[in-house]
Amino acid sequence: MSANGGTIPTPEAAGASPAGRAATTPTRRYDGMSGSYRPLQGLRVVDMADEKAELCGRLMADLGADVVRVEPPGGARSRALPPHIGADSLYFEVRNTNKRGAVIDLGSDGGRRQMTEWLGQADIWVETSRPGELAAIGLDPAEVAERFPHLVVVSVTDFGHTGPYRDYLATDAVMEAMAWMLFRAGVPELPPVLPPGAIAYDIAGVSAGFAALTGYLDRLTTGVGQWIDLSVMQAVAQTTDWGLTSYSVVSRQGLYGEVRDGGGKVYPIIRCRDGYVRPAMVTRGEWRKIREWITEAGLGTGIIDQDYWDETVARVGAFDELLRPVLDEFFALGDMQDLAATGQARGIPITPMLTPADALRADQFEWLGSFTTLTTSSGVEGRAASGFMVVDGERIGYRRPAPPAPGSATAPTAPTAPTASTAPTASTAATGASWSEPPVAAPSGGGEPGRPYRGLRVLEFGVAGAVPEIGRLLAEYGADVIRVESPKRIDIFRQLGGPGGMGSVFASSNRSTRSIGVDFTDPRGAGIVRELVGWADVVIENLPPGTLEKFGLGVDQLRRIAPGLLIVSSQTMGRSGPWSHWKGYGSNTQLPGGMSWLWSLPDVDEPVPQNVAFPDHLVGRLGAFVTAADLVGRRHGRRPGAEGGAHVEIVQAEMALNLLSDLYFKESVDPGSVRPLGNRSERGAPWGVYPCAGEQRWCVITCRDDADWQRLRQALGHPPWALDPRLDTVEGRRDHHDLLDEGIAAWTRQRPDREVMSVLQANLVPAGMMMYMSDQPDDPHLDERGYILHVDQPGIGPVLMEGPAFAATRLPPPITEPAPLLGQHTREIAASVLGYPPERIDELVDLELLIEALPEPA
């Protein structure tokens with residue numbers, strides 16, 4: 001014990017202010033919901049996304065598009081989805097704000113004619129019908145795209161319109177099992193744990209937004225629209241923490257393990273006096289800071305105070321036996337928010353596990369304006385996430401409620417049909433009362449088809465996963481993405497790689513980009529970067545706040561160089577506020593956003609941890625989406641700001657708030673009502689993760705309604721326990737869920753997971769096997785869809801990489817080139833972009849201002 005009795009130094013002693021305390025109540029925050037940034041103003045979107053991908057239209061509406069949510073006379077299916085406040089589905093409400101509503105009966109000739117006429121005036125149509133459903137009534141999405149050459153049609157289905165799983169039934173839970181999220185969540189002693197919310201369908205919504213705008217930009221380039229076939233399975237599988245590439249490399253060495261291990265051994269979740277914290281010890285430097293902190297408290301002497309533990313393999317190998325007991329003893333001495341503040345002041349990535357109630361009143365989220373008062377379409381008020389991004393200090397998000405339900409007093413009527421006698425095009429359609437903006441004139445075309453970002457130059461100051469994935473997505477469709485890398489500030493993913501800084505995780509995140517090595521910590525090197533900025537259209541960065549400013553490369557400085565520049569920033573907790581100096585990995589950001597607390601089983605002594613980097617991947621897709629939107633605004637001449645420039649901020653911790661926005665609304669109105677549900681759902685019963693034959697093999701089975709239950713009972717062979725009349729209603733099944741689980745598990749344990757899935761799908765029951773990374777390379781559906789990519793990556797050899805989320809009639813497969821070595825393109829960029837002659841380049845290389853290769857470690 002130390003002289004102070006083994007207590008932890010206070011945050012003030014470590015140079016921090018106490019997080020979440022009244023003394024830090026913010027006096028300034030971002031502006032409210034004025035949101036003048038409207039790059040998609042004038043874009044016309046017909047939105048028929050129902051349950052899955054509803055965020056697609058919502059995000060476009062947030063950025064100014066005129067999005068009309070089309071529903072059948074009985075209302076959208078998602079209006080019945082939980083959570084509810086009264087008669088309002090909060091699922092529907094938060095995903096359909098800022099949209100207008102229309103009711104069209106596609107079962108009637110008049111309704112189909114009206115829809116066809118309306119699509120003739122639209123720019124984008126988003127729909128989520130099952131394959132073949134619309135074709136049966138004469139509205140086949142691919143044929144509609146051919147009929148109206150100006151139109152971009154985005155079809156979002158669970159598995160896509162081709163492949164052996166095409167007609168499978170699914171729910172969000174099924175997609176989380178088949179795409180990846182489930183196998184990393186939980187501990188071996190308990191079943192895998194489904195995440196809260198509708199993460200799979202919301203990821204698909206963001207990916208669909210990027211796909212739609214990429215297709216639309218291709219139309220602006222060529223004059224022709226197209227049909228885009230997006231698979232939820234592929235969109236979510238893209239966000240697998242770079243697991244496919246890692247599997248393809250590490251499995252060759254016989255080292256790959258897939259069975260879930262809770263929070264992992266490099267960023268474990270640890271109990272403290274009033275909750276839980278997650279410290280990260282990924283690097284040697286982070287471990288040494290934690291070690292110093294613990295030994296200062298007089299703990300761990302003779303155990304952790306040896307250099308042996310500097311090696312990650314040593315810490316992982318002896319974590320449970322030796323390190324975990326010391327960490328448990330140390331963190332049990334403090335409160336979670338004080339521990340987070342103190343640890344962050346020491347440079348340790350550590351975050352507290354907040355409940356939804358905690359997050360609603362957290363100082364940092366108050367400062368950022370992360371929550372706003374949202375009014376449902378029937379007039380109920382509650383607190384919900386205010387939006388996914390801030391632009392030039394203005395929150396971009398909620399402006400008006402979702403459309404009221406059909407049949408209500410304020411329900412929308414069918415839209416006014418166009419008066420043109422022939423099918424109109426986007427450039428000639430009558431405006432009519434159905435659209436709030438006049439159409440945007442189509443260009444003459446003539447550009448390179450399929451590469452709509454060709455000519456766009458992006459400078460990337462990215463580390464780890466979030467921002468590099470923005471660059472990679474843009475590069476895949478033609479952008480010139482240049483990573484600006486300093487050998488004195490090496491990307492953490494390079495540090496985790498092998499010789500030359502190349503590893504599987506870096507390769508997956510940074511493929512198809514270029515790298516210039518510049519020592520921008522030297523003022524002369526920073527001057528070279530400023531020259532590069534003068535040739536750039538976009539800058540993306542996720543360095544700690546103040547880092548680029550230190551080298552004369554801050555936002556204001558960059559905009560003085562290039563006033564029209566789009567800058568996209570993404571930090572752990574934002575660029576200002578009491579927690580803005582906090583740093584962390586993807587797993588750290590889930591805790592303050594309430595996601596980790598909810599991602600657990602309801603009846604366990606402590607939260608069941610998971611080991612995923614989410615939301616890094618969501619930031620990547622949002623950043624790519626807003627870059628595409630900004631480019632649309634430039635092409636339309638509707639980009640506001642000083643000479644067209646804009647600074648977009650995407651706060652990583654706010655991703656959880658936005659994806660769980662409906663749950664936050666419910667918690668704000670009914671305190672204490674939002675708690676972990678584990679593998680059960682308010683949606684229906686039975687609903688869960690069931691053991692199958694084999695080691696740690698599982699299958700998700702979900703029954704949305706009584707019809708699904710009847711089909712499941714038939715598939716099981718009508719066992720006596722399933723004929724219990726108490727199980728005839730969803731309410732009865734919820735009340736007797738343990739009985740259901742016991743009976744279903746007895747059946748699934750006798751069969752392999754793929755057989756369980758196939759039998760249930762043949763009986764039209766939404767079910768899916770829990771896929772591991774090792775299942776993906778040989779999966780017949782992913783193979784037929786062309787999802788698995790093969791790349792020869794210098795530094796590590798042949799690897800598998802995650803493929804595209806969608807296929808399209810005009811967008812070709814994404815450009816897939818190896819990730820660059822540090823400085824691999826230094827001479828090429830210095831010559832072709834900066835115009836430096838060879839002798840000038842030689843001089844700068846000799847001065848070590850330009851870098852051609854990562855220096856060998858000393």
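Where does proline 615 lie? Select it and you land in the loop between helix 22 and helix 23. That loop is a good place to begin, and several later stops lead back to helix 23. Keep in mind throughout that you are looking at a predicted model.

**The whole chain**

Before zooming in, colour the chain by secondary structure: it holds 32 helices and 28 strands. Of its 858 residues, 64% count as buried. If you draw a contact map, look away from the diagonal: among contacts with a separation of 6 or more, 77% join residues 24 or more positions apart.

**Stop 1: the loop before helix 23**

Go back to proline 615 and show the backbone. The peptide bond that joins phenylalanine 614 to proline 615 is cis, and its omega is near 25°.

Now select leucine 601, which sits in the loop between helix 22 (595-598) and helix 23. Is leucine 601 buried or exposed? Its relative accessibility is 13%, so leucine 601 counts as buried. Show what surrounds this residue: beyond its neighbours within four places in sequence, leucine 601 is in contact with Leu190, Val193, Val608, Pro676, Gly678 and Asn679. Add glycine 186 and put a distance label between the two C-alpha atoms. Leucine 601 and glycine 186 are 9.2 Å apart in space, though 415 residues separate them in sequence.

**Stop 2: helix 15 against helix 23**

Next, select residues 466-475 for helix 15 and residues 616-636 for helix 23. The two axes come within 7 Å and cross at roughly 45°. That angle is why helix 15 is described as oblique to helix 23. The crossing of helix 15 with helix 23 is right-handed.

Show side chains for the contact. From helix 15, pick Ala466, Glu469, Ile470, Arg472, Leu473 and Leu474. From helix 23, pick Asp616, His617, Val619, Gly620, Arg621, Gly623, Ala624 and Thr627. Coloured by residue class, this contact of helix 15 with helix 23 shows six nonpolar, four polar and four charged residues.

**Stop 3: helix 6 against helix 23**

Keep helix 23 on screen and bring in helix 6, residues 199-222. Here the axes come within 9 Å and cross at roughly 30°. Helix 6 is therefore roughly parallel to helix 23. Which hand does the crossing of helix 6 with helix 23 have? Helix 6 passes helix 23 in a left-handed crossing.

On the helix 6 side of the contact, select Val206, Ser207, Gly209, Phe210, Leu213, Tyr216, Leu217, Leu220 and Thr221. Their partners in helix 23 are Leu618, Arg621, Leu622, Ala624, Phe625, Ala628, Ala629, Leu631, Val632, Arg635 and His636. By class, the contact of helix 6 with helix 23 divides into 14 nonpolar, four polar and two charged residues.

**Stop 4: helix 5**

Now move to residues 172-179, which form helix 5. How many of its eight residues are buried? Eight of the eight are, so helix 5 is largely enclosed by the rest of the structure. You can pick them out as Asp172, Ala173, Val174, Met175, Glu176, Ala177, Met178 and Ala179. Then reveal the cover over these residues, which includes helix 6, helix 7, strand 22 (687-691), strand 23 (698-702), helix 29 (753-762) and strand 24 (767-769).

**Stop 5: backbone spots to inspect**

A reminder for this stop: most residues other than glycine have a negative phi, and most peptide bonds are trans.

- Select proline 83, in the loop between strand 2 (66-71) and strand 3 (84-85). The bond from proline 82 to proline 83 is cis, with omega near 5°.
- Select tryptophan 242, in the loop between helix 7 (232-237) and helix 8 (243-250). Its phi is positive, near 60°, and tryptophan 242 counts as buried at 6% relative accessibility.
- Select glutamate 848, in the loop between helix 32 (838-846) and strand 28 (850-851). Phi is positive here too, at about 60°, while a relative accessibility of 58% makes glutamate 848 count as exposed.

**Last stop: the cysteines**

How many disulfides does a search of the whole structure find? The search finds zero. Finish with two cysteines: cysteine 272 counts as buried at 6% relative accessibility, and cysteine 703 is buried with a relative accessible area of 0%.

Terms used: Residues numbered from 1 in each chain as written. Predicted model: local features only at pLDDT ≥ 70, side-chain atom pairs only at ≥ 80, totals over all residues. Heavy atoms only, no water. Axes fitted to C-alpha atoms, helices over the stretch in contact; angles between N-to-C directions. Helix = DSSP H or I, 4+ residues; strand = E, 2+ residues; numbered from the N terminus. Parallel < 35°, antiparallel > 145°, perpendicular 65-115°, else oblique. Left-handed = near helix turned anticlockwise from the far one by under 90°. Contact = heavy atoms within 4.5 Å. Nonpolar A, V, L, I, M, F, W, Y, C, P; charged D, E, K, R; others polar. Disulfide = S-S within 2.5 Å. Buried < 20%, exposed > 50% of the residue type's maximum accessible area, 1.4 Å probe, protein only.
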